[in-house]
Structures are given as C-alpha cells and as structure tokens.
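I pulled up this model today to jot down a few things about how the chain is put together. Notes follow in the order I looked.

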Amino acid sequence: MSMSVGQVARLAGVTVRTLHHYDELGLLCPSERTRAGYRRYTDADLLRLQQVLLYRELGFALEEIAVILDDPQVDEMTHLRRQHELLRGRAERLSRMIAAVERAMEAVTSGVALSAEERLEVFGSFRPEDHQAEVERRWGHTEQYAQSRRRVASHTKADWLEIKAEAAAITQDLVAVCKAGLDPGGQEAMDVAERHRAHVSRWFYDCDHDMHRCLGELYATDPRFTRTYDDLLPGLAAYFRLAIDANAAHRAR
C-alpha cells in the first residue's frame, strides 16, 4: 500500500510543504503518482524519509544528505551504523553537560571566584549562574545553601580541578559496584556512599546522614539527576539511593 502526502506528513511529524520541498530537490521523490498527479509514497519512500530525518536531526544539510543517500556503495545498515555512532557521540556530550549541571546545582556555584579562562577550563560551556534562580528557590532558605556559598566563593582553580577528579573517582567506583551486581546495602556500596557524603561535606556544606538521604532521594526522583546517573548505567540512580540509605542506617547504629 502507498500513502498520500498528507498521511506521510502526519506520520513523520513534518509538514506537507516540507515533503513538497524534498520532492523538488530530488531528495525524496514519491515512487507513485495517481492519475490526477497526486503523490503516493511507498514503503521504500518511507524508509528513505526516515534516513533524511535522522541525518537532519544530526545537523546535515539537505545537499549533504542527498549525496550520502545516493551513494551506491552505502547500504541501509551502513547508514544506520553511521547514525548510531553519531547519536552516541551526541548522547555522550549531553551526558557530560548534564553532569556539569549536577555539580553546579550541588555546589551552588554562583559565587565561583575564577577568571574567565579558569571557568572555561573547569566548567566548559556550562554557566553556573544560569541555574542560580532555581537553586535559590529550592534551597535558598537553608543553612546548607549559605554555607555552600561561603565555601564555593573561596575555591581556587586547583580546588575545582580536585573536586572534579574526586567526584569522577567516586562515580567510577559507584558504577563498578553496581555493574558487579553487589548489594547496595553491602559494605562496598556503603563505602562509596560514605565517600560521596564526605566529598560534599569537605567541599560544599556539612552533610550529615539525614541530609545525605535527601540527596539520594533527589538523585532518584529529579529526572535531571536521575538521567545523569542512569546514562552512565541504567538503574544507577536508584541503586545509589539505596546505598545512601543503607549507609545512613548503618552509621546510625
């Protein structure tokens, strides 16, 4: 069965005008026409449209897409592998950006005392001040917020680089224990949780075990934090919360 241009537009989430434009460029020409001249798209046309839209999402120009898709040496699986690799690269970049947002929200970094060059080296393109309004709205009334602002304002570039390295090591070990299938209530997982609590207390604000439980809940319930952990390993945010809870209960004995 073939489909009309309107049906294809609704299915693909594009406009009829876009499909007409693709046809005019020779990028996606419907394989069939009715006697009245109306466009009809076959399954093969829909597969090509899928490729066009994927490459567009990846930032390719229409002219580039036409050359890529019309290469007789490249089959559909090759296109999919290429797109998969490009999408994975984008996902990794987004994951790093989300991790930077997480660090900034934890640290309440609006008072970072670094030069422009140092800020770029430490945070990349991430701007902590862009999130200050939300941070103040959620935690501005707490003592931890005030304490974090004081400490963060005194951190040097060397401090921030050490913070990043320390946090990365903790996260790496968290992934390892979770990946190994170890009990989140076991000693190894609890040790990682305790290191994380000590990290927060050392660099940002005094984080007792009750406060650490609150952080664990935030990681598991706020989609932005959850995504940061789960992009590293599916289910990691929930696992971390269980390890934090277990560690808090263990230390309270």
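I started just past α9, where G181 follows with a positive phi near 75 degrees. I went by DSSP runs here: helices are H or I over at least four residues, strands E over at least two, numbered from the N terminus.

The model is predicted, so I kept local features to pLDDT of at least 70 and side-chain atom pairs to 80 or more, while totals for chains, interfaces and linings use all residues. Residues count from 1 along each chain as its sequence is written, and side-chain values use heavy atoms, without hydrogens or water.

Then I looked at α9 itself. It covers residues 157-179, 23 in number, and spans 33 Å from first C-alpha to last, close to the expected 33 Å (1.5 Å times one less than the number of residues). I listed its buried residues (under 20% relative accessible area, 1.4 Å probe, protein chains only): D159, W160, I163, A167, I170, L174, V175, V177 and C178.

Next I checked the pair α12 (residues 223-232) and α13 (residues 236-251), which pack at about 105 degrees with axes 7 Å apart. Axes are lines fitted to C-alpha atoms over the stretch in contact, and angles run from 0 to 180 degrees between N-to-C directions. So α12 is roughly perpendicular to α13 (65 to 115 degrees). I found T226, Y229, D230 and L232 of α12 in contact with L236, A237 and F240 of α13 (heavy atoms within 4.5 Å).

Last, I took the whole chain: 13 helices and three strands, with 39% of the 253 residues buried.

Methods: Buried means under 20% relative accessible area, exposed over 50%, partly exposed in between (1.4 Å probe, protein chains only). Angles under 35 degrees count as roughly parallel, over 145 as roughly antiparallel, 65 to 115 as roughly perpendicular and the rest as oblique.
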